[in-house]
Amino acid sequence: MAEPKFVPKPGQVDYTNIRYAPVVNVVVAHGGKILLVKRSADMRLYPGYWNNIAGFLDDDRDVKDKVCEELYEELGLSKSDVVKLTIARPLCQEAPEYNKTWLVIPVLANVKTANFKLDWEAAEAKWFVPNETRSLKLLPGFAEVLAQFF
């Protein structure tokens, strides 16, 4: 499935062609492991890279509400599946290949369950011990996000 064209809802900002884009980058943790997803080949940005759950901060909603929305959309996890959310220090990450500067809000989401259901954005997913991720083709800047929590 090809990535659908983004059509902003009322109150949403379309960051497709804007240089600076705020995003949330959610490290999902359960039982001492973290969940990484391999981005679908159909994704416009970073296809085939391993990452965690991410999304644009493109409306006026609270960061924690946006995290819960992304967890539901991409993994089928409900707000009641989330035990704790921890927000870390924001990061600035340059992406010259996309003419973007990502303003990243890292969040650690401890969840109650290891069960999830992927949406079209991910080709696969796997639980890892954090130090096992070093050998993967990681999204640029992801190691920096991970270092804030582990």
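Strand 6 (residues 91–95) and strand 7 run antiparallel and are joined by five bridges. Strands here are DSSP runs of E with at least two residues, and helices are runs of H or I with at least four, numbered from the N terminus. Two strands pair if DSSP finds at least two bridges between them. Four residues lie between strand 6 and strand 7 in their hairpin, where asparagine 99 takes a positive phi near 55°.

This is a predicted model, in which local features need pLDDT of at least 70 and side-chain atom pairs count only at pLDDT 80 or more, while totals for chains, interfaces and linings use all residues. Residues are numbered from 1 along each chain as its sequence is written, and side-chain values use heavy atoms, with hydrogens and water left out.

Strand 7 has further partners, as the table shows.

| Partner of strand 7 | Sense | Bridges | One bridge pair |
|---|---|---|---|
| Strand 1 | parallel | 10 bridges | valine 26 with valine 107 |
| Strand 5 (residues 82–87) | antiparallel | five bridges | valine 82 with valine 111 |
| Strand 6 (residues 91–95) | antiparallel | five bridges | glutamine 93 with tryptophan 102 |

In strand 7, 10 of the 12 residues are buried. Buried means under 20% relative accessible area, exposed over 50%, and partly exposed in between, with a 1.4 Å probe and protein chains only. Cysteine 68 is buried at 13% relative accessibility, whereas cysteine 92 is exposed at 51%. The model has zero disulfides, a disulfide being a pair of cysteine sulfur atoms within 2.5 Å.
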